[in-house]
Structures are given as C-alpha cells and as structure tokens.
Amino acid sequence: MRPELTETQLLGMWETGDGQASPVRALLLAAAAAPPGEAVADLTLADLNALLLDLREGSFGSALPCAADCPDCDEPLEVSVTTDELRGPGRLNMPDPRRDPAKLLAEGYEITYRALTGRDLLAVDPVSPGARRALLSRCVIGMDPVADVLPEGVLETVAQRLADLDPGADTVLPLTCPYCRHTWTAALDVADYLWAEVEGYARRLLHEVHTLARVYGWSESDVLAVSPARRRFYLEATAG
Ligand SMILES: [Zn+2]
C-alpha cells in the first residue's frame, strides 16, 4: 500500500508549506509518507525521493505527465514518465550511506565523504553564489592532510561519486525527440513536481468549498466531508 494524502492532510500541508523554500516543502511531503517518528531531514536524497514517489503514486497515480522542449530542434514535447522509471535501483545489499561513509583519493587528499541529506539542503541557501561548494563541503567528513579550503577539483570528484553512494538521489528522464531523434536527459525534481500538484489540488478544493458554501450555506468541514464524486454532482447542479 502506497501512502495516500487525504484532502484534509493535503490542505493542511499546503497551508504550512505555502511560501516556504523548496527543501522545507520536500520534507513536509516526505514526512507525510514516512513511518511515524522517522526523522526525514536525516534521510539521504535517494531515500527522500523514494518516499515522495510512494506518496505521489498513492495520491495521484503512477504516471507523471511532463513537458519539455527539444534542445536541438526546439519542438515542444509532451512525455509521460512513471514513478517506477524514476525510482532508483534501491539499496539492496548496499551499505547505508548515512552509516557508511566512503573514501576517495583526489589531488593528494584522502577524503571521507557521506551522502547528502535533507538537512544539508535546509542548511544551504540554494541561490547563494557558494551553494554548490557549501553543499559538497558538508559531505566531506574527513580529510588527510587537513586543509582549511579544499581545492575545487577535490570537491568536484566528491560530486561525481555521490551518485554511486546514493543511487536515486538525482531523478532524471531519458528523452528522445520524435522529430529529430535527439536524445538527452532532463532532471525532474520530484518534490517540486508533487508540490505543484498539491498546490493545484488545494486551490481547486478551496474554490469548490467557496462555491458550495455560498450556494448551500455549508461550512468548510461540511464540504470536505462530502466525497469528491458527490461534490462534483453538487457543483454541476450549481452551475446548471
Ligand atoms: Zn528535436
């Protein structure tokens, strides 16, 4: 069973996350899908994505329609990707990246590094000029020899290895243009995608509450207690 947002949960979540930064919303969504008491901020990005994909599938189904422009011929494409296609390979028999940091050698440094977590995203302002460096530096938990500032090349080597340490951290769509056969990959941020859906649903729902409250004199909780199918009937009756 995939976790499913109720309409009341969805409205509450939208109200809490409205105007918040993207990582805050991602963690709000993930918390709704996680077992009670799970500290979602400490999950790796792949684990967070797995929760978000479960919640998306349980709440809105497994097909995600996406729009993209071909970078080669500029044709607009409409594609659909499934939650299964976006799920990482899983971490069966793999070390837990939170408990088991990895080591690498780069430019004479022995670096011990760990996977990125939700807490790292919360801590770094994504639009600040040093955001990428700040995030990568947080993954470095040990170095030999010790340096105040690690060379850019060392941090880039860490960046390249993060995908192996935490498969599923980056969700990408492989795309092929049907017009010119150009192939490329596009990044899809599952949390942003799901948040846009939550926001759209919440706004539609509140609009329905508004209409039905005005016509029938119902309260918000009266309207939410009516099933979506019955609500549709009343709305159609109102419009007719
Ligand atoms: Zn094309």
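Is Cys-73 buried, partly exposed or exposed? Cys-73 counts as partly exposed, because its relative accessibility is 30%, and that value falls between the cut-offs of 20% and 50%. The model is predicted. The points below cover a zinc site, a buried aspartate in a helix, and three places with backbone features worth a look: Asp-74, Glu-107 and the bond between Asp-144 and Pro-145.

**Zinc site**

- The zinc ion has four cysteines as its protein donors: Cys-70, Cys-73, Cys-177 and Cys-180, each through its SG atom.
- These SG atoms lie 2.2 to 2.4 Å from the zinc ion.
- The arrangement is tetrahedral because the 4 donor atoms subtend angles of 107 to 114 degrees around the zinc ion, and the cut-offs for this class are 85 and 135 degrees.
- Along the sequence, the spacing of the donor residues follows C-x2-C-x103-C-x2-C.
- Cys-70 has a relative accessible area of 1% and is therefore buried, whereas Cys-73 is partly exposed at 30%.

**Asp-120 in helix α5**

- Asp-120 sits in helix α5, which covers residues 118-123.
- With a relative accessible area of 1%, Asp-120 is buried.
- The side chain of Asp-120 reaches the backbone nitrogen of Thr-117, at 2.8 Å.
- Leaving aside residues up to four places away in sequence, Asp-120 touches Arg-114, Ala-115, Leu-135 and Arg-138.

**Positive phi angles**

- Most residues other than glycine have a negative phi.
- Asp-74 is not a glycine, yet its phi is positive, near 70 degrees.
- Asp-74 belongs to the loop between β1 (63-69) and β2 (76-82).
- The relative accessible area of Asp-74 is 60%, so this residue is exposed.
- Glu-107 also has a positive phi, of about 50 degrees, although it is not a glycine.
- The loop that holds Glu-107 runs between β3 (102-106) and β4 (109-113).
- Glu-107 counts as exposed because its relative accessibility is 54%, and the cut-off for that class is over 50%.

**Cis peptide bond**

- Most peptide bonds are trans.
- The bond that joins Asp-144 and Pro-145 is cis, with omega at about 0 degrees.
- Pro-145 is placed in the loop between β5 (140-144) and α7 (152-165).

Methods: Residues are numbered from 1 along each chain as its sequence is written. This is a predicted model: local features need pLDDT of at least 70, side-chain atom pairs count only at pLDDT 80 or more; totals for chains, interfaces and linings use all residues. Side-chain values use heavy atoms; hydrogens and water are left out. Helices (H or I, at least four residues) and strands (E, at least two) are DSSP runs, numbered from the N terminus. Buried means under 20% relative accessible area, exposed over 50%, partly exposed in between (1.4 Å probe, protein chains only). A polar contact is a pair of N or O atoms within 3.5 Å; within protein, one must be able to donate a hydrogen and the other to accept it, and residues adjacent in sequence count only if both atoms are side-chain atoms. Contact means heavy atoms within 4.5 Å. Donors are N, O and S atoms within 2.8 Å of the metal (3.2 Å for Na, K and Ca); water is not among the atoms, so sites may look incomplete. Four donors count as tetrahedral if all angles lie between 85 and 135 degrees; four count as square planar and six as octahedral if opposite donors are over 155 degrees apart and all others between 65 and 115; anything else is irregular.
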